[in-house]
Amino acid sequence: MENSLKEKNKVHRRKELISTASIIQSILSGMLEGGNYALYCLGLAFVFGIMRIINMAHGEFLVLGGYIAYWLLVKWGLNPLLSLPMAAVIAAGASFLSYRVFLQRIRTTAELNTLILTFGIGIFLSNLYLQLWSADIRNISVDWMEKPLMFAGIYISLGEIITFAISFIGVLALHSFLRHTKMGKAIRITAIDRDAATLVGINVEWVDLLAFSIGGLLAGLGGPLLGMLSFVSPGTGLHITVKAFILTVLAGVGSIPGLIAAGMILGIGEAMTVTFVSSSYRELFGFALFLVILLVRPSGLFGKRI
Amino acid sequence: MIKIWCAVLVGLWLGTGWAAPIIKLGAHAPQTGSLAKHGMEQIKGIRVGVEEFEKKYKIKVDLRVYDDESDPQKAVAAVEKLAGMDKVNAIVGGYGSNLVGPASEAAERYDTPYLTTGAVDTKLSAKKFKNFFRLNYMPGYASAQSGTIKELFGAKKVGVLYNSLSATTEIAEVVRDQLVKAGIEVPVFEKFEKGTTNYKPILLKVRDAGCEVLLVEGYFTDYVGTIKDAKILNLPVKAYMGAWGIGTPDFVRELGPMSEYIYGTSIWEMGTAPKVAKAEEAEFVAIYKAKFKEEPSYISMLGYLSTKYMLEAIAQGGGKSGNYSFEKTRTALRAMDVVGPLGRVTFDEKGDPKYFTAILFQTQKGNQIVVYPKDRAIGTIQYPAVPWGGK
């Protein structure tokens, strides 16, 4: 009886502590975080949707983009936003090499092999970063992007708005590329039926190489933004890959625009869990949602063929 | 021919000029994984410790270092390899209570003396292992934080956010108890998981509760995240305080102006050694800087001192004949009573440092200015002040 009274008081105190402004702020921060998740996951979702490869090195390609932006900022003072193309191209190059040297050889074998191989590539890359750039945590700090803007008691930084916009543009651009360009259509046809694609004259090997490189490019795009909003370090990659995989399943394989919605559901859900329950249940929420979606709707929330 | 070879061997042996047989020292620390940064600093300090010992005592040290990959299982494997296969005389290193806990159990199984510097959880010494020794432990940090909040800030409400790992959870709980006992309210006491990227929802709780001080018991990445998000929210607090790994030269380099005014605990900062140990402190810093082209952190200093104390205990236990044994090393460690850069060092029956007290500093113009305890302070606090403006 006494314990239950204590619990009630605790809950009451918690409710008293949370203001409406904080709830709105929390939803907004979750929404923006969800947008970031979508960008971080774009490359993995694309590669998985097209090639059925769970690229476990995805996070490491993303981290590479972050390091490129960091060093361009430190050495030449280049604004991280301007370094986005270079970070994306270098990550695409690393991805291209990984596919050409390793993955191409086992592409036609069991799917599990590609998973193990990409996991190995990820470990190799994270240790390479460790040797090249030490274990130090790198934070891409741009003062004007971190300055808060206030609207009706709600705070938001310019960096968060820009990142969200880039994420949104990235998703739309990829969606349009797949729908409206010849190359995009070739990729989609290959994803649907490789034999048919070969019969109509599409070089499926080349399409695979291109798709995996595009996956790296998209990952590289997210790296500088991760460095700006948070940090990069050699060990960051795996955490990003896991989060990206959850989101890919949540959105549904093949649903590129669904990533934004799924990202927001995850981001807002996590923020609300922290606000109303406890921060220690935040990760649990993500994994619980992942399991529920797998059970109730295995194709994901917005899953359909590309 | 045999005679010639014997002569060569004897010549070589004499040529080394070592006074006693080689000491085999084992070390494990994270060189990869999430704790790699701290582990690398620790190993650098250990290497300086070995070189200095060799120079001073003319005893060769065979240092065996294994990367425990920030993983408890790998830490156990490293200790088993060091004690079981390499047959080392003693082990130093280890970072993080969750790694050192199982690693120290392995050292106990092999009956090998184990002196650590990176594990502060009080539960570690509760088992009363005869081989377990450490240079720092948690109560020394907690009292530095609560003492500053009470005596220097005079704050009434404190928000405590803490990483769910065991050491940070423990320090958070002890500090909360100390604050409440001192009549200070702790309306927000919130745990967060490793890898959290959005801290705003918990920071909003601190704002809504009207806390004057934000106390974050975490690690480097947690500080980066909370400070960035506090800046975006323009969090209205008067002070930001962290536990370990905050305010280091790397931290200041990465966060720049956003590291200004923050408080953190440390064991050692340049210039905080007691008078009698100033020369030793200066010597270590000079050697470290010359060798690694960087400033040593307190973790490097801990690595250095743990190695120095352990090697001296082994040598002292072994005597002139160099008859090293685990029992003699343990006895020498238990009898040790020295004043070094950390202050007075002696171990109690559980292996905890009897006189350990942390220092608390504030970052001012990029420098760590020790402000508490008052008798070790080298400057005064700037309060209220947080890097993003605050109250």
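## Briefing: a tour of chains A and B

In chain B, strand E3(B), helix H4 (residues 97-109) and strand E4(B) form a β-α-β unit of the right-handed kind. Please keep in mind that the model is a predicted one. The points below begin with the strands of that unit, move on to one helix from each chain, then turn to the contact between the chains and some backbone details.

**Strands around E4(B)**

- Strand E4 of chain B spans residues 114-118, and 5 of its 5 residues are buried, so you will find this strand mostly covered.
- Strand E3 (residues 90-95) of chain B runs parallel to E4(B), and 4 bridges link the pair.
- Within that pairing, look for Val92(B), which sits opposite Leu115(B) of E4(B).
- E4(B) also pairs in the parallel sense with strand E5 (residues 132-134) of chain B, this time through 3 bridges.
- Here the residues to look for are Tyr114(B) and Phe132(B) of E5(B), which stand opposite each other.
- As a general reminder, side chains in a regular strand alternate between the two faces of the sheet.

**Helix H3 of chain B**

- H3(B) covers residues 72-85, which makes 14 residues, and its first and last C-alpha atoms are 19 Å apart, close to the 20 Å expected at 1.5 Å a residue.
- Its buried residues are Ala75(B), Val76(B), Ala78(B), Val79(B), Leu82(B) and Ala83(B).
- Because these residues cover an arc of only 160 degrees around the axis, they lie on the same side of H3(B).
- An α-helix has 3.6 residues a turn, so residues three or four places apart point the same way.
- What do the buried residues of H3(B) pack against? Their partners are strand E1 (20-29), strand E2 (59-67), E3 and H4, which belong to chain B.
- On the face turned away from the buried side of H3(B), you will meet the exposed residues Gln73(B) and Met85(B).
- After H3(B) comes Lys87(B), with a positive phi near 55 degrees.

**Helix H13 of chain A**

- H13(A) is made of 15 residues (282-296) and reaches 21 Å from first C-alpha to last, close to the 21 Å expected at 1.5 Å a residue.
- Arg282(A), Glu283(A), Gly286(A) and Ile293(A) are buried in this helix.
- They share the same side of H13(A), because the arc they cover around the axis is only 120 degrees.
- These buried residues pack against two helices of chain A, H11 (236-251) and H12 (258-276).
- Which exposed residues sit on the face of H13(A) turned away from its buried side? They are Phe287(A), Leu291(A), Val292(A), Leu295(A) and Val296(A).

**Where chain B touches chain A**

- The contact involves 34 residues of chain A and 37 residues of chain B.
- On the chain B side, at least two residues each come from helix H2 (36-57), strand E7 (185-192), helix H8 (200-208), helix H9 (220-233) and helix H10 (249-255).
- H9(B) gives the most to this side, with 8 residues.
- Sorted by class, the side of chain B that touches chain A holds 13 nonpolar, 12 polar and 12 charged residues.

**Positive phi values in loops**

- Asn234(B), a residue other than glycine, has a positive phi near 50 degrees.
- Asn234(B) belongs to the loop between H9 and strand E9 (239-242) of chain B, and it counts as partly exposed, with 15 C-beta neighbours inside 10 Å.
- In chain A, Arg52(A) is a residue other than glycine whose phi is positive, near 55 degrees.
- You can find Arg52(A) in the loop between helix H2 (20-51) and helix H3 (58-76) of chain A.
- Buried or exposed? Arg52(A) counts as exposed, because it has 11 C-beta neighbours inside 10 Å.

**A loop glycine and two cis prolines**

- Gly271(B) lies in the chain B loop between strand E10 (263-266) and helix H11 (278-292).
- With 15 other C-beta atoms within 10 Å, Gly271(B) is partly exposed.
- The C-alpha atoms of Gly271(B) and Glu281(B) are 7.9 Å apart, and the two residues are 10 residues apart along the chain.
- Tyr372(B) and Pro373(B) are joined by a cis peptide bond with omega about 0 degrees, and Pro373(B) sits in the segment after strand E14 (367-372) of chain B.
- Another cis peptide bond, with omega about 0 degrees, joins Tyr383(B) and Pro384(B); Pro384(B) lies in the segment after E14 of chain B.

Notes:
Residues numbered from 1 in each chain as written. Chains lettered and ligands numbered in written order. Predicted model: local features only at pLDDT ≥ 70, side-chain atom pairs only at ≥ 80, totals over all residues. Contact = placed C-beta atoms within 7 Å. Nonpolar A, V, L, I, M, F, W, Y, C, P; charged D, E, K, R; others polar. Buried ≥ 20, exposed ≤ 12 C-beta atoms within 10 Å, placed from the backbone. Pairing = 2+ DSSP bridges. Right-handed = clockwise from strand over helix to strand, strands pointing away. Expected span 1.5 Å × (residues − 1). Arc of directions from axis to C-beta.
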